[in-house]
Amino acid sequence: MAEIADIIEEMPSDEAADVIGELDRHQAAEVRAAMEEEERSAVAELLQYEPETAGGLMGKEFTTCTEDQRAGDAVAALREVDEDDLEETHFVFVVDGRGRLTGRLPLIRLLLTAPETVVRDVMEAEPLYVGVELDQEEVANVFKMHDLIALPVVDEEMRLVGRITADDVMDVMEEEATEDMALLAGVSKDEFGEQSSFRVAR
């Protein structure tokens with residue numbers, strides 16, 4: 001199981017949780033036991049949410065800074081982030097001292113801001129967000145309505161717990177479209193994917 005755990009640890013946290021969620025209880029326990037503590041903790045948190053909710057869609061790869069940090073310190077923190085995680089980092093999310101979402105800072109703005117500037121003075125306040133329990137179709141609607149790249153996810157106390165990317169939502173939109181087409185054809189989603197076009201039409 002160590003080899004499987006190594007592979008899963010290299011995946012984005014949301015995909016890792018999906019894979020482990022498909023295993024039977026015994027296999028899942030063995031794989032999680034073989035994972036590093038940080039990755040195991042992230043997967044355990046994601047698995048507590050229903051798959052078709054914002055919590056089930058979100059990943060744990062996001063970067064934060066606090067309102068009273070200086071821009072230079074926030075940039076220095078970014079240099080410590082794993083390069084793979086930075087590939088989909090478009091915003092640094094801003095939190096208060098209790099971890100509650102208060103703003104966001106586009107990466108390009110952060111990099112162009114004078115190092116001594118306080119984050120609160122340049123962040124975008126009151127950013128769009130979704131709650132962990134929101135249905136995935138509603139999450140997709142928020143993305144489409146506002147043409148978003150990434151969206152923070154908060155718990156019931158407004159604490160930042162994850163982020164959803166446009167790539168995650170594309171998967172949801174494809175799934176929902178398949179379900180809609182299956183309903184129009186009068187078959188289940190599984191039957192629609194398995195049967196020939198002629199059989200579905202009949």
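These are my notebook entries on a predicted model, covering its overall make-up, its salt bridges, a charged surface patch and a few single residues.

**Entry 1: overall make-up**

I began with the secondary structure, which comes to twelve helices and seven strands. I then looked up burial and found that, of the 202 residues of the protein, 38% count as buried. For the surface I noted an exposed area of about 12,200 Å², of which carbon and sulfur atoms supply 48%. Turning to contacts with a separation of 6 or more, I recorded that residues 24 or more positions apart account for 56% of them.

**Entry 2: salt bridges**

I counted the salt bridges next, and the total comes to nine. As background I kept in mind that side chains of opposite charge can pair when their charged atoms come close.

I went first to aspartate 96, which forms a salt bridge with arginine 100, the closest N and O atoms being 2.8 Å apart. Are the two partners buried or partly exposed? Aspartate 96 counts as buried because its relative accessibility is 12%, under the 20% limit that I apply for that class. Arginine 100 has 30% relative accessibility and therefore counts as partly exposed.

I then looked at arginine 104, which forms a salt bridge with glutamate 124, with 2.6 Å between the closest N and O atoms. This pair links distant parts of the chain, since arginine 104 sits in strand β3 (residues 101–106) and glutamate 124 in strand β4, 20 residues apart. Glutamate 124 counts as partly exposed because its relative accessibility is 25%.

Glutamate 124 also meets the side chain of arginine 109 in a salt bridge, at 3.6 Å from N to O. Here too the pair links distant parts of the chain, with glutamate 124 in strand β4 and arginine 109 in helix α8 (residues 107–112), 15 residues apart. Arginine 109, at 35% relative accessibility, is therefore entered as partly exposed. Which residues do the shared partners join into one network? I wrote down Arg104, Arg109 and Glu124.

**Entry 3: the negative patch**

On the surface I looked up a negative patch, formed by Glu3, Asp6, Glu10, Glu36, Asp82, Glu83, Asp84 and Glu87. The elements that give two or more residues to this patch are α1 (2–9) and α7 (83–86). I checked one member, glutamate 10, more carefully and found it in the loop between α1 and α2 (13–22). Glutamate 10 counts as exposed because its relative accessibility is 65%, and my cut-off for that class is over 50%.

**Entry 4: positive phi values**

I next went through backbone angles, remembering that most residues other than glycine have a negative phi. Glutamate 126 has a positive phi, near 50°, and this residue lies in the loop between β4 (124–125) and β5 (130–131). With a relative accessible area of 74%, glutamate 126 is therefore noted as exposed.

Aspartate 147 likewise has a positive phi, in this case near 55°, and its place is the loop between α9 (136–146) and β6 (150–154). I noted aspartate 147 as exposed because its relative accessible area is 69%.

**Entry 5: threonine 165**

I closed with threonine 165, whose place is in strand β7 (residues 160–165). Which residues does threonine 165 touch, not counting those up to four places away in sequence? I found Glu88, Phe143, Ile149 and Ala150. Threonine 165 counts as buried because its relative accessibility is 6%.

Key
Residues are numbered from 1 along each chain as its sequence is written. This is a predicted model: local features need pLDDT of at least 70, side-chain atom pairs count only at pLDDT 80 or more; totals for chains, interfaces and linings use all residues. Side-chain values use heavy atoms; hydrogens and water are left out. Patches are made of residues with over 30% relative accessible area and no salt bridge: like charges are joined within 9 Å, nonpolar side chains (Val, Leu, Ile, Met, Phe, Trp, Tyr) within 5 Å. Accessible areas come from the Shrake-Rupley method with a 1.4 Å probe; for residues, only the protein chains shown count as cover. A salt bridge is a side-chain nitrogen of Lys or Arg within 4 Å of a carboxyl oxygen of Asp or Glu. Lys and Arg count as positive and Asp and Glu as negative; His and the chain ends are not counted. The place of a charge is taken as NZ of Lys, CZ of Arg, CG of Asp or CD of Glu. Helices (H or I, at least four residues) and strands (E, at least two) are DSSP runs, numbered from the N terminus. Buried means under 20% relative accessible area, exposed over 50%, partly exposed in between (1.4 Å probe, protein chains only). Contact means heavy atoms within 4.5 Å.
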